[in-house]
Amino acid sequence: MTADAFLFWFLAIVTLVSGLSVILMSNPIYSALCLAMTMVGISALFVTLNAYFIAGVQLIVYAGAVMVLFVMVIMLFDLKKDLQAFTRGRFTGAVKIASVGLLAGLVVGAIAMSVGLLNEKTTDNPVLVGTGMESTKALGNILFSKYILGFEALGILLLVIAVGAVALARSKGGTHEH
Amino acid sequence: MNTEIFSNIGLTHYLVLAALLFVTGMAGVLLRRNVIVLLMSIELMLNSVNLTFVAFSKFLGILDGHIMVFFVMTIAAAEAAVGLALAVSIFKRFNEVNIRFFEHLKG
Amino acid sequence: MGMGKDIFEITVNGLKLVVIFLMMVQAVPILVWLERRGSAFIQNRLGPNRVGPLGLMQLLADAVKFLTKENFVPDTAKPLLYYAAPVFALIPGAVAFSAIPMSTPIQVSAFEMFGSTWGPYTFLVQGYDIGVGIVFILGVSSLAAYTLLMAGWGSGNKYSLMGALRASAQTISYELALGLSIVGVIMLYGTFNLTEMTVAQQGPLAFTLFGYTVSASWLPNWGIFYQPLGALLFFTTAFAESNRLPFDLAEGESELVAGFHTEYGGFKFNMFFIGEYGHMMIASGLMALFFFGGYGIPYVSVQEVQQWAASIGYGSGLVALLHFLSFFVKFAVFLWIFIWVRWTLPRFRYDQLMDFGWKTLLPWALANTILTAFVIYIASL
């Protein structure tokens, strides 16, 4: 087994186990910490896919900001262990689990069937091999040329979200009074 | 025994891993009652989608998948911000963040 | 990436990581001694001077004390998180510090060992060279917030929890200004790679503006002359990121006992301490790298040093040593400024801290980014 393959299997197990723990832990804080672990694992998987810049951004945005917010909110609420973490009702529960299982089977089956049809051009693009600088430059170039409209739209979205979050959260309280 | 599947990592491996993570997240959304855990499960689903984007991007040799990951990340962060703000206001009112309190949001 | 192509290179690269980690950990007692002596002189006292010459043996005495203290877990603590937090406190600092280039590469020519020829090697004087170095360092060090939260919540103490919430809120608020203050540098050098940045800062100050070449041979080509505001903002936010005074709201002892590490004693406390000093070291290293030429020796380029070393019959080893010394001097100066500021400035109030971060640093960092972009665009016309 090569080092790359070992790395992939190791990271796959880490992400899957911590991803499963997110939904199985009844204490939301442990869920959040497990999700942070998953994010770090996915970031490492991005590195194995030569997406260095994306991996760094994943660490900064998801693991460093979004998940810290989650953990902080949960700690601020001082939530105890959820007394009833999962939805009630045997029948609906069974239906939900069955639907999830069905979807899982469909997705995995579809991938297994169809992937042979894709012709893998594994990294004949010079932009996607190497230390990451070339791919980062190319990424910047297409982000600000081909996808500039989406980029601008995202800026507006973030502005709206910032205003919305402040409006929602300021109803009462806050970190400090003026 | 054929060990090719263990030693030769290709697109399929990443896609199956991403699919499993996605389904895990979906199970979380369906089964859990705590709003914050629901939001976290959604983040998990979005992350698995990011993984497929990057995997396709590498194995097809184009960078457009990375751009999509940017967009997904931004939208996920925005969604988390609004979701958490909603959870905070629900918590202030009911002292619990159960999903059933969200029915009071109407009107 | 990759550790190397044969067993010798892999071993050396692995050992290098261990050495860099040990360097980081071993620097901490010396810094603690410096901080205690320095603070004493700043406050017109003597500081520890009884154990050994200049009180240097105090470090050993402290280490023995830390190791022999009683190991206890509070009743309300969550043992897993309580024990995991100090261990995690070391990781972001160590991982990020290994990515900082500290000198020029060392070339080893082919030699005979164990009856076979070992090909020529090039060893970098840094843990690993990552193409997008800055993004990696920022990403890894942003994970430090979890340590605080785990420690605060795992201790089962409300003062710890409040300290942790304050500290992490501060960390993620100041991270914005920190990231934005570096954007100017990234645009200026057009790279994320730390080594390329260092190379770009060699030689005397010279740049092109409107087609004219402006040069000042009496100044080194350092980033501080292009990005003074960026340097100031970066250094300020670095203080906040490493939870040092004047931003150590996390452990405002008059309100919160000792913040997130209230319940930690002995060696576990020591590990938090090493983590904090690790952040200081990363900040000092990055400050030297972005704004003060990294390992470059002022006024002299690496090629000139190489020629000089070759003329007196030495190879890349001497060149690497000289550049490492140059880096180390800059690094030490910034570490000293960290200590100096701690004993000079009083602590902010919490609302002042948040207002300063969001209403002062962030707008100025944005302005710096936009201004830099404009100037670079105009200069390239």
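**Exercise 1. Chain B.** Determine the order of the elements of chain B from the N terminus on, and state how many residues of the chain count as buried as a percentage.

*Solution.* In this predicted model, the elements of chain B follow one another from the N terminus as α-α-α-α. This agrees with the tally of secondary structure, which comes to four helices and zero strands for chain B. Turning to burial, chain B has 107 residues, of which 50% count as buried. Finally, when contacts in chain B are restricted to residues at least 6 apart in sequence, 46% of these contacts join residues at least 24 apart.

**Exercise 2. Which chains touch.** Find which two chains share the most contacts, and describe the side of chain A that touches chain B.

*Solution.* Two pairs of chains are in contact, and of these, chains A and B share the most contacts. Chain B and chain C are joined by no contact, and their closest C-alpha atoms lie 14 Å apart. For the pair A and B, 75 residues of chain A are in contact with 60 residues of chain B. On the side of chain A that touches chain B, at least two residues each are supplied by α1 (3–24), α2 (28–48), α3, α4 (90–114), α5 (133–143) and α6 (148–169) of chain A. Sorted by class, the residues of this side are 52 nonpolar, 16 polar and seven charged.

**Exercise 3. A helix pair between chains A and B.** Decide whether α2(A) and α3(B) are roughly parallel or roughly antiparallel, and list the residues through which they meet.

*Solution.* Begin with the geometry: α2(A) and helix α3 (residues 35–60) of chain B pack at an angle of about 10°, and their axes are 11 Å apart. Angles under 35 degrees count as roughly parallel, and α2(A) and α3(B) are therefore roughly parallel to each other. Next come the residues: from α2(A), the contact uses A:P28, A:S31, A:A32, A:L35, A:T38, A:M39, A:I42, A:L45 and A:F46, and these meet B:I36, B:V37, B:M40, B:E43, B:L44, B:N47, B:L51 and B:V54 in α3(B). By class, this contact of α2(A) with α3(B) has 13 nonpolar, three polar and one charged residues.

**Exercise 4. The contact of chain A with chain C.** Identify the helix that gives the largest share of the side of chain A touching chain C, and then characterise the crossing of α3(A) and α5(C).

*Solution.* Here 21 residues of chain A are in contact with 25 residues of chain C. Helices α2, α3 and α5 of chain A each supply at least two residues of this side of chain A, and the largest share, 14 residues, comes from α3(A). The side of chain A that touches chain C divides into 15 nonpolar, six polar and no charged residues.

For the helix pair, the axes of α3 (residues 52–77) of chain A and α5 (residues 144–154) of chain C come within 10 Å and cross at roughly 15°. The two helices, α3(A) and α5(C), are therefore roughly parallel to each other, and their crossing is left-handed. In α3(A), the residues A:G64, A:V68, A:V71, A:M72 and A:M75 meet C:A145, C:L149 and C:W153 in α5(C). Seven of the residues in this contact are nonpolar, one is polar and none is charged.

**Exercise 5. Two asparagines with positive phi.** Establish where A:N50 is placed and where C:N44 is found, and classify each of them as buried or exposed.

*Solution.* Phi of A:N50 is near 65°, a positive value in a residue other than glycine, and A:N50 lies in the loop between α2 and α3 of chain A. Because A:N50 has 21 C-beta neighbours inside 10 Å, A:N50 counts as buried, the cut-off being 20 or more. Phi of C:N44 is near 60°, also a positive value in a residue other than glycine, and C:N44 belongs to the loop between α1 (7–42) and α2 (58–68) of chain C. With 6 C-beta neighbours inside 10 Å, C:N44 counts as exposed.

**Exercise 6. A strand and a glycine in chain C.** Determine whether strand β5(C) is buried or in the open, and find the residues with which C:G266 is in contact beyond its neighbours within four places in sequence.

*Solution.* Strand β5 (residues 204–209) of chain C has six residues, of which the number buried is zero, so the strand lies largely in the open. Six bridges join β5(C) to strand β6 (residues 212–220) of chain C, and the two run antiparallel; the bridge partner of C:F207 in β6(C) is C:V214.

The glycine C:G266 is found in helix α10 (residues 266–291) of chain C, and C:G266 is partly exposed, with 15 other C-beta atoms within 10 Å. Leaving aside its neighbours within four places in sequence, C:G266 is in contact with C:F66, C:K69 and C:N71. The C-alpha atoms of C:G266 and C:E70 are separated by 7.2 Å, although these residues are 196 residues apart along the chain.

Note on methods:
Residues numbered from 1 in each chain as written. Chains lettered and ligands numbered in written order. Predicted model: local features only at pLDDT ≥ 70, side-chain atom pairs only at ≥ 80, totals over all residues. Axes fitted to C-alpha atoms, helices over the stretch in contact; angles between N-to-C directions. Parallel < 35°, antiparallel > 145°, perpendicular 65-115°, else oblique. Left-handed = near helix turned anticlockwise from the far one by under 90°. Contact = placed C-beta atoms within 7 Å. Nonpolar A, V, L, I, M, F, W, Y, C, P; charged D, E, K, R; others polar. Buried ≥ 20, exposed ≤ 12 C-beta atoms within 10 Å, placed from the backbone. Pairing = 2+ DSSP bridges.
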